[in-house]
Structures are given as structure tokens and as C-alpha cells.
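Got your viewer open? Here's a short tour, stop by stop: what to select next, and what you'll find when you do.

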Amino acid sequence: MGGLLQQAPGAVSSGNGPDIAVMHMDQLATFAARGVITELDDVAKALELSEGDFAPTVWKGGLYNDKRYGIPLDMHPLGFYYNKAVMQKAGLDPEKPPATRDEYTAALTELKKSGVQGFWVSPFQFTGGMTYYSLLHQWGGTVFDAEVAKATFNSDPAVEACTWLVDLIKQGHSPANVGQDADYLAFKSGKNAFTWNGIWQINDLKKSPNVQWGVAPLPQIGSQKAAWANSHNFTIVKQRSANADKTAGAKVFINWLSQHSLDWAKGGQVPARKAVRESSEFTALTEVNALAPELEYAAFPPAAPGLGEVILTFYSAFNEAALGKKSPKQALDDGVAKANKQLEDNRKKYGN
């Protein structure tokens with residue numbers, strides 16, 4: 001996927017671009033600003049697609065400067081995985097995963113009594129950073145202001161959310177300095193009970209018959225429900241010479257694939273198309289379907305060109321807090337200062 005995205009601008013200007021590309025929602029604005037992908041308002045209209053066919057969160061995510069550049073194919077959120085065998089050993093009901101802050105804290109306390117560090121906090125983007133991103137929104141915070149002109153991930157709610165997570169390490173519910181993916185590997189080998197990870201791990205866990213696991217929407221730790229999520233969107237690549245037949249064909253293809261996104265769902269994604277989500281075939285994919293409710297309160301990244309680098313600054317700030325290099329407040333303050341400079345550079349670069 002990354003390779004395609006690096007090659008896209010060059011291929012498009014040479015006239016060798018693909019007709020259709022699938023890209024992550026948070027890349028749409030950058031490629032729209034660089035003139036790589038084309039507006040799709042007429043496509044949405046021709047296919048009679050509207051917000052009602054999707055969910056408002058994912059439908060609005062395809063917009064940049066009030067024009068549509070993406071038709072959503074799916075949503076892939078963070079989910080809550082629980083190890084039933086480990087829960088049972090600690091005297092917890094393996095069929096009742098904790099869903100609130102009190103239940104979560106109580107479960108971690110019982111697990112600790114049974115000698116288990118229940119929830120390993122990863123300092124890396126995958127998955128501690130995404131967990132913090134979810135919690136920041138659960139506390140009512142945002143990563144940026146509404147105009148994406150200023151970073152706001154050092155607000156009081158953001159610091160509180162970060163402190164709650166980092167304190168789990170201090171309280172002994174997580175080891176310090178958890179390695180990349182070590183949280184997930186520990187989950188599979190029964191060394192911890194809970195992991196917040198992407199929906200894409202469902203198929204991996206299905207291939208692990210020795211792990212007794214379940215998956216549920218993220219527990220609500222803060223004042224509201226929220227979950228990190230991204231979405232694959234269909235885009236139509238700008239060709240050097242316009243070809244009406246090709247564009248018409250691309251529209252038909254996008255519509256067909258959108259209606260038949262069940263096979264994509266089997267790969268571990270929640271279909272964006274409502275009719276597909278409500279079909280009995282999708283409902284039968286019980287694990288993937290367990291995360292479908294998160295679509296309503298998914299915290300998607302905002303649409304602004306060049307945002308990838310700035311989001312990395314956000315994840316780096318969390319990394320410093322999780323590793324104890326800085327206090328949560330200091331780490332987030334420093335991160336915001338750097339992010340604001342990056343946002344300013346982006347405004348010069350993309351001219352808005």
C-alpha cells in the first residue's frame with residue numbers, strides 16, 4: 001500500500017496512473033491538494049449515494065474543502081480483545097468483558113491478584129498510540145481544533161486521558177518499555193488478558209485455535225464512547241487526458257465493489273455500505289460484526305493535507321510519556337509545539 005502511494009504522483013503526471021485507487025481516509029486531502037485524485041461529487045450523484053447509505057462519520061470523511069474525493073469502502077476500528085482463559089483463572093466471567101471504567105479497573109485489580117499484568121501499554125503507534133487516541137476522544141478531547149490549524153492534544157482532557165493510561169504502568173498493570181507488538185504476542189500466549197488492537201487481528205486470532213478469545217467494542221473509560229478508526233476509500237485518479245468512457249467505467253466498478261464489499265469484510269473490515277452491514281451474510285461474521293457499532297462514534301482523522309507527519313508527532317509525544325521520559329503534560333506540550341510548526345509549514349506548502 002505504501003509503495004503505491006509513493007509512486008502515485010509520478011505515475012499520474014506521466015499519464016500512467018491507475019484509473020481507481022484505494023487509499024486511507026487520512027491521505028485523501030494530501031492527494032487532493034496535490035492534484036492526484038479527482039472530485040467525485042458527480043460520481044456520488046450518478047450512483048445515487050448519500051450519507052444514508054453509509055454512516056455520517058465515514059461519509060463526511062471523504063470530503064476535503066467541501067468537495068468529495070472518496071467513496072468509503074470500509075471502516076477499520078480499534079477493538080477490545082479479551083483472553084477468556086486468563087479471565088477465568090482470575091475468577092472473572094469470561095463472557096462478560098468489562099465495558100466501563102469501574103469494571104475495567106476492577107478486572108485489572110483481580111488479574112493482578114492472580115499474578116497477571118492485565119493490560120500491557122505499548123509505547124508505539126501500534127497499538128498504544130491508537131489506544132491513547134481513542135481515550136483522548138473518550139475524555140472529550142481532540143487532536144486538532146476544528147480548522148486543523150492548531151494542535152490541541154495537550155488540553156486538560158488529553159492530559160487526563162494520557163495520565164490514566166500511563167498510570168497503569170506505574171500501578172503494575174503493565175510492564176514498562178513494552179516492545180513493538182509484545183502486547184499482542186503476550187495476549188496470544190496468555191500473559192495478559194486485554195489488548196486494544198485493530199479489527200485486522202480477528203483473522204490472525206482465528207488461525208490460533210489454542211487461544212480462547214473474544215472481541216467487543218472498546219470499553220468506555222472516559223465520559224463518552226470513542227474509538228480510533230480509519231477507512232479505505234475509493235478514489236478516481238486524475239488522468240492527463242480526460243476519457244469519459246474510462247471515468248464512466250470507474251463509476252460502475254466502484255458501485256459494484258461497494259455493493260459487494262462482503263468479501264472485503266471477510267478480510268476483517270466493517271463494510272461502509274449500510275445495506276451490506278445489515279445483510280444476514282455480514283451478521284454471520286460474528287467477530288467483525290461485533291465492532292460494527294463503533295462506526296457511529298468512530299474518531300476518524302481529520303481531512304487536511306500533509307497531516308501524516310503531524311500525526312506521527314502526536315504518536316511520538318505519547319511514546320515519550322509511555323516510556324517515562326517526560327511527564328504526560330510535558331510530553332504533550334512539547335508535541336503540540338512541534339505539531340503547530342508542522343501545521344504552519346503545511347499551510348505554506350498547500351496554500352490554505
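Two cavities of 30 Å³ or more sit inside this structure. A cavity here is a set of points, on a 1 Å grid over the protein atoms alone, where a 1.4 Å probe fits but cannot get out, and lining residues have an atom within 4 Å of a point. Points are joined across faces, edges and corners, and a volume is the space filled by probe spheres set on them. Before going on, remember that this is a predicted model, where local features need pLDDT of at least 70, side-chain atom pairs count only at pLDDT 80 or more, and totals for chains, interfaces and linings use all residues. Residues are numbered from 1 along each chain as its sequence is written, and side-chain values use heavy atoms, with hydrogens and water left out.

**Stop 1: the largest cavity**

Select F119, W120, V121, S122, T127, G128, T131, L165, D183, F194, T195 and W196: they line the largest cavity. The space in there is about 60 Å³. Helix α7 and strand β6 (194-198) are the elements that give two or more residues to this lining. Helices (H or I, at least four residues) and strands (E, at least two) are DSSP runs, numbered from the N terminus.

Now pick S122 from that lining, in the loop between α6 (101-113) and α7. Is S122 buried or exposed? S122 is buried, because its relative accessible area is 1%; the cut-offs are under 20% for buried, over 50% for exposed and partly exposed in between, using a 1.4 Å probe and protein chains only. Beyond its neighbours within four places in sequence, S122 is in contact with T127, G128, G129, V178, D183 and F318, where contact means heavy atoms within 4.5 Å. Try a distance label too: the C-alpha atoms of S122 and Y132 are 9.9 Å apart, with these positions 10 residues apart along the chain.

While you're here, click on T127, which is part of helix α7. The peptide bond joining F126 and T127 is cis, with omega about 15°.

**Stop 2: helix α16**

Next, select residues 307-322, which make up helix α16. This helix has 16 residues and runs 23 Å from its first C-alpha to its last, close to the 22 Å expected at 1.5 Å a residue; the expected span is 1.5 Å times one less than the number of residues. Colour its buried residues: L307, V310, I311, T313, F314, Y315, A317, F318, N319, A321 and A322. What covers them? The cover includes α2 (28-33), α7 (125-138), α8 (156-170), β8 (227-230) and α17 (328-350). Following α16 you'll find G324, with a positive phi near 75°.

From that cover, try T30 in helix α2. T30 counts as buried because its relative accessibility is 13%. Leaving aside neighbours within four places in sequence, T30 touches A304, P305, G306, L307 and Y350.

**Stop 3: strand β8 and its partners**

Move on to β8, where A227 and A229 point one way, W228 and N230 point the other way, and all are buried. Strand β5 (residues 74-83) runs antiparallel to β8, joined by two bridges; look for H76, whose bridge partner in β8 is N230. With β11, β8 pairs in the parallel sense over two bridges, and W228 stands opposite A299. Two strands count as paired if DSSP finds at least two bridges between them.

**Stop 4: a three-strand sheet**

Show the open sheet with the order β1-β9-β4 and antiparallel pairing. Which strands are at the edges? They are β1 (20-24) and β4 (71-72), each pairing on one side only. Helix α11 (residues 244-259) packs on this sheet, touching β1, β4 and β9, and its direction makes about 165° with that of β9. Those directions are lines fitted to C-alpha atoms, for helices over the stretch in contact, with angles from 0 to 180 degrees between N-to-C directions. Zoom in on P72 and you'll see N233 of β9 opposite.

**Stop 5: two positive phi values**

Finish with two loop residues. N65 is in the loop between β2 (63-64) and β3 (67-68), and has a positive phi of about 50° although it is not a glycine. D181 is in the loop between α8 and α9 (182-188), with a positive phi near 70° in a residue other than glycine. D181 counts as partly exposed because its relative accessibility is 36%.

Technical notes: On a 1 Å grid over the protein atoms alone, a cavity is a set of points where a 1.4 Å probe fits but cannot get out, and a pocket is an open set with protein on both sides within 12 Å along at least five of seven lines; lining residues have an atom within 4 Å of a point.
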